[in-house]
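Biologist: Got a minute to walk me through this one? I'd like to go over the strands and then the pocket.

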Amino acid sequence: MKYTLAAVLAFAAVPAFAQESPDALADAFVATIVAEDSAALAALYTDDADSYDPSGFVQKGRDEIAATWQMFFDAYDGFAASLNRKGEYGLDKKSHAAWGLWTMSATPTGGGEEVVWNGRFLDLAVKTDDGWKYRVDHASMMAPAPADDSQ
């Protein structure tokens, strides 16, 4: 399933509310990035979540997740994001795994050209009393395409 900005605009105003399904959780995740709302984004995780970011570091818990995203949001403006699920698996009625590709773009805060990032993701979501939340997520950057020297 592909999630784009148009598909998640309805969730942008209330991304921290309980997510009724893993799909709604993914929609809310994209919406919080577009909204540049690190607190709402961190609220989509369990208290003890692990988030492996593309730089290779791991954030443990909501406070570290929010702080890392806030640094990113401070450095860039005008975010666009999408997730393209390539697969998913309901482990049971209370846990769900999904994997696929992501794209994100933004412009440096001080100005300049838009930067586009592409990568892969794998996440594990769990159903809590407050709705679906991420327990673990892992994102990695895709290597840039080799330069075409034939021209």
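Modeller: Sure, here are a few questions and answers on the strand pairing and the largest pocket; keep in mind that this is a predicted model.

Biologist: In which sense do β2 and β7 pair, parallel or antiparallel?

Modeller: Take β2 at residues 45–52 and β7 at residues 131–141, which are joined over four bridges. One of the contacts puts aspartate 50 with valine 136 as its bridge partner in β7. The sense of the β2 and β7 pairing is parallel.

Biologist: And how many bridges join β6 to β7?

Modeller: β6 covers residues 115–128, and it runs antiparallel to β7. The two strands form a hairpin, with two residues between them. Along the pair, aspartate 123 stands opposite aspartate 137. As for the bridges joining β6 to β7, the count is ten.

Biologist: On to the largest pocket: which element gives the most to its lining?

Modeller: That pocket has a volume of about 580 Å³. Of its 29 lining residues, the closest to the centre are Asp53, Pro54, Trp69, Met104 and Ala139. α2, β2, α4, β4, β5, β6 and β7 each supply at least two residues of the lining. With five residues, the top contributor is β7.

Biologist: How many residues of that lining are nonpolar?

Modeller: Let's split the lining of the largest pocket by residue class. Seven of the residues are polar and three are charged. The nonpolar count is 19.

Note on methods. Residues numbered from 1 in each chain as written. Predicted model: local features only at pLDDT ≥ 70, side-chain atom pairs only at ≥ 80, totals over all residues. Heavy atoms only, no water. Pairing = 2+ DSSP bridges. 1 Å grid on protein atoms, 1.4 Å probe; cavity = no way out; pocket = protein on both sides within 12 Å on 5 of 7 lines; lining within 4 Å. Points joined across faces, edges and corners; volume = space filled by probe spheres on them. Nonpolar A, V, L, I, M, F, W, Y, C, P; charged D, E, K, R; others polar.
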